[in-house]
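Here are my notes on this model, in numbered points. Please read them with the structure open.

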Amino acid sequence: MVVASHRQDRTYHPPPGACPLCPTRDGRPTEIPAADYEVVVLENRFPALAGPGRCEVVCFTADHDGSFAALDDERAALVLAAWTDRTAELSALPGVEQVFCFENRGAEIGVTLTHPHGQIYAYPFVTPRTERVLASVAAHRGRTGRNLFDDVVAAEEADGRRVVLAGEHWTAFVPYAARWPYEVHLHPRRRVPGLTALGAAARAELPGLQRELLRRFDRLFGPDAPPTPYVSGWHQAPVRHPLRAEFALHLEVFTVRRTPGKLKFLAGSESGMNVFINDVPPEAAAERLREAASE
């Protein structure tokens, strides 16, 4: 658990024309002292982590009304390069144990700035969820002699019902035990521990697949629905964990919207017991995401 009481005073839905992530123009200074930009990385003024931990902001575009899905492949590749570079730099800092690159999108998720941006958290510890995953990885290796991530990806591809899209180097599927109404995991076919270990071919194919996945999320609830709120996060291996090589880099994307106009709330079972109750069968979610493919 992290306590960051100073974040109560962070910038909250500033009025039009006062966005701190837009370029500095017309004499109005912002966090970015340039009239235009492609991708910018800056330190978070209201970091959740202190001491050896770090929090950074990644601005995807100078267009305040844009989105990651609306970027072209070249710009999306530049964002990926920024995440990769910062992962390498932050991982080398003393005390940093895990780096998480993610995007929160939409007021329903809790976003306080609508400008298209992501964040990077460099934790001074291994996160509880990752510790649980690695415990399962170790147990699976002990029982079978195989890697858990490899077996999950192979099983999903063999089954096929929950596969959403696939490329030569990547595959995306709704996990059979999905916690959220619409949740997709995107894995490289060759397991690597983090972004810095991706090969050139997988790195080149990724921007198009990631953008297509996010476009499908935006089509889920119909052409007249507001943009789909989501969390999109890169799960990477801890920096120095003995099971680092057993972990598999993957992107997880999920939305809290379960149907048009209705959200999935974390009520008693989810918040009190961490037992998720999903309103949408994973196979139905995967079918709907396949139907939402770009023409």
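1. Start with helix H3. This is a predicted model. In it, H3 lies across S5, strand S6 (170-173), S7 and S9. H3 runs at about 75° to S6.

2. Which strands does H3 cross into, in terms of the sheet order? The sheet is open, has nine strands and reads S1-S2-S4-S3-S8-S9-S7-S6-S5. The pairing is antiparallel. Strand S1 (40-43) and strand S5 (163-166) stand at the edges. Each has a single partner strand, so one side of each is left without a neighbour in the sheet. On average, neighbouring strands are turned by 20° against each other, with direction ignored.

3. Take one pair from that sheet. Strand S7 covers residues 182-188 and strand S9 covers residues 250-255. The two pair in the antiparallel sense, over five bridges. Use Leu186 as a landmark: Leu251 in S9 stands opposite Leu186.

4. Next, the helix pair. Helix H2 spans residues 128-144, and helix H3 spans residues 148-159. How far apart are the axes of H2 and H3, and at what angle do the helices pack? The axes are 8 Å apart and the angle is about 85°. Angles of 65 to 115 degrees count as roughly perpendicular. H2 and H3 are therefore roughly perpendicular to each other.

5. Which residues make the contact between H2 and H3? From H2 come Val133, Ser136, Val137 and His140. From H3 come Leu148, Phe149 and Asp151. By class, this contact has four nonpolar residues, two polar residues and one charged residue.

6. Finally, the second largest pocket. About 290 Å³ of space lies in this pocket. The lining has 19 residues. Gly66, Arg105, Gly106, Thr114 and Pro227 are the closest of these to the pocket centre.

7. Where does the largest share of the lining of the second largest pocket come from? Strand S3 (residues 98-105) supplies this share, with three residues. By class, the lining of the second largest pocket has six nonpolar, eight polar and five charged residues.

Technical notes
Residues are numbered from 1 along each chain as its sequence is written. This is a predicted model: local features need pLDDT of at least 70, side-chain atom pairs count only at pLDDT 80 or more; totals for chains, interfaces and linings use all residues. Side-chain values use heavy atoms; hydrogens and water are left out. Axes are lines fitted to C-alpha atoms, for helices over the stretch in contact, and angles run from 0 to 180 degrees between N-to-C directions. Helices (H or I, at least four residues) and strands (E, at least two) are DSSP runs, numbered from the N terminus. Angles under 35 degrees count as roughly parallel, over 145 as roughly antiparallel, 65 to 115 as roughly perpendicular and the rest as oblique. Contact means heavy atoms within 4.5 Å. Ala, Val, Leu, Ile, Met, Phe, Trp, Tyr, Cys and Pro count as nonpolar, Asp, Glu, Lys and Arg as charged, and the others, Gly among them, as polar. On a 1 Å grid over the protein atoms alone, a cavity is a set of points where a 1.4 Å probe fits but cannot get out, and a pocket is an open set with protein on both sides within 12 Å along at least five of seven lines; lining residues have an atom within 4 Å of a point. Grid points are joined across faces, edges and corners, and a volume is the space filled by probe spheres set on the points. Two strands pair if DSSP finds at least two bridges between them.
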